[in-house]
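Q: Could you take me through one part of this model in close detail, and then show me how the rest of the chain fits around that picture? I would enjoy a connected account more than a list.

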Amino acid sequence: MTPIKLPSKVCESCLVSKQSRNSFGSYTLERSTAVLDVIYSDVCGPIDTVSLGGNKYFVSFIDEFSRKIWVYLLKAKSEVFSVFKVFKSMAEKQSGKYIKVLRTDGGGEFCSHEMENFCTENGILHEIVAPYTPQHNGIAERRNRTILNMVRSMLKGKNMSHTFWGEAIMTAAYVLNLCPTKKLGSKVPEEIWTGKKPSVKHLKVFGCLCHKHIPDQKRKKLDYKSESMVFIGYSSTGAYKLYNPRTKKVEFSRDVLFEEYNAWKSDNCCSGQDQKWLR
């Protein structure tokens with residue numbers, strides 16, 4: 001056969017009939033050399049079930065260098081700008097660095113005049129990815145997908161109501177910050193961010209049955225010294241976040257014993273009152 005020569009001219013008929021998208025293999029290169037150099041952000045929602053706090057969305061912020069993730073629950077997309085200001089202040093004070101680049105999709109919550117003016121005033125380069133190109137915001141997209149996969153498994157594992165998705169998302173993000181990634185090798189995001197290797201001894205199974213100690217000041221001599229609850233998260237103070245199905249309130253305590261292989265059932269109620277928990 002005679003050698004085949006590639007045409008030097010662009011064939012319009014071939015373009016309109018066969019053109020495909022360019023490869024994303026090495027298109028987006030990482031540019032960060034320190035924490036907060038580049039922040040990726042994405043909003044997920046609306047979730048079909050309202051969370052315990054009345055939220056329907058969540059927004060994530062991921063640091064490209066450390067891969068640390070911060071998650072905030074939202075009642076509406078309009079809250080993104082105020083949440084970003086809170087995140088910026090917190091992250092910059094904790095790290096001693098400044099956000100240089102913010103990369104987001106073309107959502108209206110990120111493209112408002114308030115957001116653009118704020119980024120300009122604070123010297124933040126706001127990069128908006130091309131339409132229908134989530135690959136350019138891949139770090140945030142993949143993290144959100146991972147979080148939602150974890151949330152579905154966590155709720156299903158203990159047969160919990162979907163109203164706990166908000167607490168499950170916050171817990172999933174907390175756990176991910178303590179897990180190694182391919183980019184970091186043997187280190188974890190929290191270690192890169194703080195410079196200290198964190199402990200994982202305190203991690204417990206989300207949604208498991210637990211027993212909170214009742215302080216002496218809140219009980220009489222013959223009252224129960226323990227109360228059954230459901231574990232739903234962690235506190236930055238070192239306490240555990242617990243849900244009381246009887247009062248439908250969230251409480252915090254460090255004096256907790258866990259039954260990680262058991263879930264809440266109506267007969268766990270010391271008072272004998274029947275509580276609906278299983279869906």
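A: Happy to; what follows starts with one helix and then moves outward to the cores and some unusual backbone spots.

Please keep in mind that this is a predicted model. The part I would pick is helix H3, which spans residues 113-121. Three of its residues, Met115, Phe118 and Cys119, are buried. They lie on the same side of H3, because the arc they cover around the axis is only 95 degrees. The general rule behind such a pattern is that an α-helix has 3.6 residues a turn, so residues three or four places apart point the same way. Now turn the helix round: the face directed away from the buried side carries His113, Thr120 and Glu121, which are exposed.

What lies over the buried side? The cover of the buried residues of H3 includes helix H2 (80-95), along with strands S4 (101-104) and S5 (125-128). After H3 comes glycine 123, with a positive phi near 70 degrees.

Going a little further along the chain, you reach valine 129, in the loop between S5 and H4. Although it sits in a loop, valine 129 counts as buried, because its relative accessibility is 10% and the cut-off for buried is under 20%. Its C-alpha is 7.3 Å from that of arginine 103, a residue 26 positions away in sequence. Arginine 103 falls within the range of strand S4 (101-104), one of the elements covering H3.

Let us step back to the nonpolar interior. The largest nonpolar core has 29 residues, and the members touching the most others are Ile147 and Leu155. Two or more residues of this core come from each of strands S1 (38-44), S2 (57-63), S3 (69-74) and S7 (226-234), and from each of helices H4 (138-157) and H5 (165-176). Isoleucine 147 is a good place to centre your view: beyond its neighbours within four places in sequence, it contacts Ile69, Val71, Ile169, Ala172 and Leu176. Apart from this core lies another, of 23 residues, with Val59, Trp70, Phe84 and Ile99 among them.

A few backbone details also deserve a look. In general, most residues other than glycine have a negative phi, and most peptide bonds are trans. Glycine 45 and proline 46 are joined by a cis peptide bond, with omega at about 5 degrees, and proline 46 belongs to the loop between S1 and S2. Arginine 67, in the loop between S2 and S3, has a positive phi near 65 degrees. This arginine 67 counts as buried because its relative accessibility is 11%. Asparagine 159 has a positive phi too, near 55 degrees, and is found in the loop between H4 and H5. With a relative accessibility of 26%, asparagine 159 counts as partly exposed.

Finally, the whole chain. The protein has six helices and ten strands, and 42% of its 279 residues count as buried. Among contacts with a separation of 6 or more, 56% are between residues 24 or more positions apart. The protein exposes about 16800 Å², with carbon and sulfur atoms supplying 54% of that area.

Definitions and conventions:
Residues are numbered from 1 along each chain as its sequence is written. This is a predicted model: local features need pLDDT of at least 70, side-chain atom pairs count only at pLDDT 80 or more; totals for chains, interfaces and linings use all residues. Side-chain values use heavy atoms; hydrogens and water are left out. Buried means under 20% relative accessible area, exposed over 50%, partly exposed in between (1.4 Å probe, protein chains only). Helices (H or I, at least four residues) and strands (E, at least two) are DSSP runs, numbered from the N terminus. The arc is that of the directions from the helix axis to the C-beta atoms. Contact means heavy atoms within 4.5 Å. A nonpolar core is a set of buried Ala, Val, Leu, Ile, Met, Phe, Trp, Tyr and Cys residues joined through side-chain atoms within 4.5 Å. Accessible areas come from the Shrake-Rupley method with a 1.4 Å probe; for residues, only the protein chains shown count as cover.
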